[in-house]
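Good morning, and thank you for making time on the agenda. I should like to take you through one structure, beginning with a single strand and ending with the chains as a whole.

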Amino acid sequence: MPSFARSFNKTTLALATAAAASLALPSANAAEVEVLHWWTSGGEARAANVLKELMEAEGYGWEDFAVAGGGGETAMTVLKSRAMSGNPPSAAQIKGPEIQEWGELGLLGELDEVAEAEGWDELLPPTVAEVMRHDGSYVAVPVNVHRVNWLWANPEVLEAAGVEMPTTLDELFSAGEAIREAGYIPLAHGGQAWQDATVFETVLLATGGTEFYQQALVELDEEALGGEQMVEALETFKRLRELMDDDMSGRDWNIATSMVIEGTAGMQLMGDWAKGEFTAAGLTAGEDYLCAAAPGTQDAFTFNIDSLAMFRVEGEEREAQQALARLVLEPTFQEAFNLAKGSIPARPDLDMGEFDSCAQQSMQDFQRTAEEDGLVPSMAHGMAVRADVQGAIFDVVTNYFNSRDMAAEEAARRMVNAAQAAL
Amino acid sequence: MSLSSYAAQPATGPGSRRSRSGPLQAWLPKLVLAPSVAISLCFVYGFMLWTFILSLTNSRMLPSYDFVGFAQYARLMANDRWWVASTNLVLFGGLFVAICLALGLLLAILLDQRIRQEGALRTLYLYPMALSFIVTGVVWKWLLNPGLGIQAMVRGWGFENFRFDWLVDPDMAVYTLVIAAVWQASGFVMALFLAGLRGVDDSILKAAQLDGASLPRIYWRVVIPCLRPVVFSAVMILSHIAIKSFDLVVALTGGGPGYASDLPATFMYAHAFTRAQIGLGSASAMLMLGGVLAILIPYLYSELRNRRHG
């Protein structure tokens, strides 16, 4: 019965896609791609425009399908309704395990010809390439790489407190105490579930290392999720709360970053999109603000990769789509886009001369950790597990972090339940 | 049930009288009503049915039709966050309805004393209703923020130990929702009660006065019992506002700290639309519908019964 239902479902989907393709053909221009994305803020929109110009230079049309809303929730809702009605765009900004989910629905088209011609296997680190593949074929192309495990700091506050940039968790706690005594908030934070989870995964990486991180947050190994190392990570995570201010609940991440910019807070644990805020405030990396790998995670790189997944389309639209995939990984676009976005290029072989010191360090660490097996996918940013498991883990983390009396053992037990709860 | 009665009424009532002027006239009311009946059948009841069907499947990111029976409901019952949301709804809904009724009635009685500038005052009280819950939420978020709002202000006056940090306290956050929602809706309830008070027959009041009853006694024994139907509609409207509450939570607390101030509506949205759990989200939506029906059915029942008697 269920298998019948599934195959029935696949057939309807296939039929629907076919119907949509035949409907779309007469109306669409000869070779045009439609790209759904949520790069709508100033710098991002300019960066996306670079891709549009590259496509047009090669004689392809570009139909922009931008849906505003930072986290892409709105865009995903639109995409789902488009896909359900059998009329998906040529490409959409989909990332992480979600690529697999779309792939399982049979909606994605493969890019193997382009990948082979361009040598993606050699170009991309294996960990990254794996995310882009479904069933062994490339179905998506990476646009950029964000590093999540960063520590940002205001040098004036550090100086006033007489501390250096911390490199271990112990140093972080002692530096935090000194900053508090100097009259500043040690750690700026926004109390939203994803921000709690961002800090949590960084602490887990610092206390347990990459192997434990893989076991717990990628493979969802029950012993790792409920074990002593998890309890230790949770306890350290909770201790960080003492370094934060009381008003953090519900605060947006960029407000927290502006606390570091204005010098009311000393440090922040946040991904490198925070750099966009520092840059927008006219600050220079290494002088007006400091960046370093989050304490204790120098040998690891938690990645959050934006990518464009390709839907199954036919004929000339497919040709244009393949060209799009090729252009995304070309140096011109990679450089222009990532300079605007604050992230680093997805291919490690580019010249980083134009980038600031934080991005250069990020690229060095990316290459180094890729060789040393230190690349781990970010759970908090949807790179490690499916959305439903991620949501269940978010619930445990944020509830534990905000509760006064929940023990770390209890939270670890719930973590195991969360991993099992996905149907 | 109500639909068919709406559709039938004009046809048998005025329609039969006009049937002299041709068959078209007899059919016209039905024709005119048919599109809206069809639309609401499809887009309201049809989608309710679809949601129910989805709640029986293991739909994740897109709707699928792998039926799993009531497994999603079982998962929902085992979900800690759902229970937090439901408990919050009982707390929030109960307090919101009760306080709004009490406050609205009090304001209405005070306004009913034939005072000067009544119109201006009434507008003033009613004004919050004109605002969107999003605006109310954001404004109260600033007022209740310990570092910016009321707490900071009172401390600025010199009361250093003053504490009012409910917004960031997991145990108290749900009460901040009550504060904002009451602020928003009590003026509206006042308007309802005021209309009701104006409808009370003066001769009854005069009779009570002649009997020597004091003013509070007149209100307690005579006027308020007359307002029973108003109370009833107010409870209806308020409780379904409470069950639907979504924008207020999103703007005021974001469901936080953690998920301490989550309500079923925000739970449903999070699971169906951002967490790729359409099945679980649909199950929670069905339970919310159940909640609404639990209030609506007794109401419809009593309404219809009254009409039959009348």
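**Strand pairing and burial in two chains**

Let me start with a pairing in chain A: strand β1(A) and strand β3, residues 91-93, lie parallel to each other and share 2 bridges. Within that pairing, A:L36 has A:A92 of β3(A) as its bridge partner. Please bear in mind throughout that this is a predicted model.

β1(A) has a further partner, strand β2, which covers residues 61-66 of chain A; these two strands also pair in the parallel sense, over 6 bridges. Here A:V33 is bridged to A:W62 in β2(A). The connection is made through helix α2, residues 42-57, and together β1(A), α2 and β2(A) form a right-handed β-α-β unit.

How many of the residues of strand β1 are buried? The count is 6 of the 6 in residues 32-37, so the strand is largely enclosed by the rest of the structure. Cover is found on both faces: A:E32, A:E34 and A:L36 are buried on one side, and A:V33, A:V35 and A:H37 are buried on the other. A:L36, then, is a buried residue that is also bridged to A:A92, while A:V33 is buried on the opposite face and is bridged to A:W62.

I turn now to another strand of chain A, β9, which spans residues 265-269. It is mostly covered, with 5 of its 5 residues buried. β9(A) pairs in the antiparallel sense with strand β7, residues 150-153, over 3 bridges. One position in that pairing is A:A153, whose bridge partner in β9(A) is A:M267. With strand β8, residues 185-188, the direction is parallel, and 3 bridges join β8 to β9(A). In this case A:I185 stands opposite A:A265 of β9(A).

Next, an acidic side chain. A:D365 is located in helix α17, residues 357-371 of chain A. Is A:D365 buried or exposed? Its relative accessible area is 6%, and because the limit for a buried residue is under 20%, A:D365 counts as buried. Which side chain does A:D365 meet in a polar contact? The partner is A:R147, and the contact is 2.7 Å. If neighbours within four places in sequence are set aside, A:D365 is in contact with A:R147, A:F301 and A:A370.

Two backbone positions also deserve mention. In general, most residues other than glycine have a negative phi. A:D373 is not a glycine, yet it has a positive phi of about 60°. This residue is found in the loop between α17 and β12 of chain A, and at 66% relative accessibility A:D373 is exposed. In chain B, A276 is the corresponding item on my list: B:A276 is not a glycine either, and its phi is positive at about 55°. B:A276 lies in the loop between α14 and α15 of chain B. Its relative accessibility is 5%, which places B:A276 among the buried residues.

While we are in chain B, consider B:H240, which belongs to helix α12, residues 228-244. B:H240 is partly exposed, with 32% relative accessibility. Its C-alpha atom is separated by 22 Å from that of B:C42, and the two residues are 198 residues apart along the chain.

Let me close with the chains as a whole, chain A to begin with. Chain A contains 19 helices and 12 strands. Its radius of gyration is 22 Å, which agrees with the value near 22 Å for a compact globule of 423 residues. The C-alpha trace spans about 70 × 55 × 35 Å along its principal axes. Of the 423 residues, 57% count as buried. The accessible surface of chain A is about 16800 Å², with 48% of that belonging to carbon and sulfur atoms.

For chain B, the secondary structure amounts to 15 helices and 0 strands. What radius of gyration does chain B have? The value is 24 Å, whereas a compact globule of 310 residues would have one near 19 Å. The C-alpha trace of chain B spans about 85 × 70 × 30 Å along its principal axes. Buried residues account for 40% of its 310 residues. Chain B has an accessible surface of about 16900 Å², of which 68% belongs to carbon and sulfur atoms.

Note on methods. Residues numbered from 1 in each chain as written. Chains lettered and ligands numbered in written order. Predicted model: local features only at pLDDT ≥ 70, side-chain atom pairs only at ≥ 80, totals over all residues. Heavy atoms only, no water. Buried < 20%, exposed > 50% of the residue type's maximum accessible area, 1.4 Å probe, protein only. Helix = DSSP H or I, 4+ residues; strand = E, 2+ residues; numbered from the N terminus. Pairing = 2+ DSSP bridges. Right-handed = clockwise from strand over helix to strand, strands pointing away. Rg over C-alpha atoms; globule rule 2.2 N^0.38 Å. Areas by Shrake-Rupley, 256 points an atom, 1.4 Å probe, with all protein chains shown as cover. Polar contact = N/O pair within 3.5 Å; in protein donor to acceptor, adjacent residues only side chain to side chain. Contact = heavy atoms within 4.5 Å.
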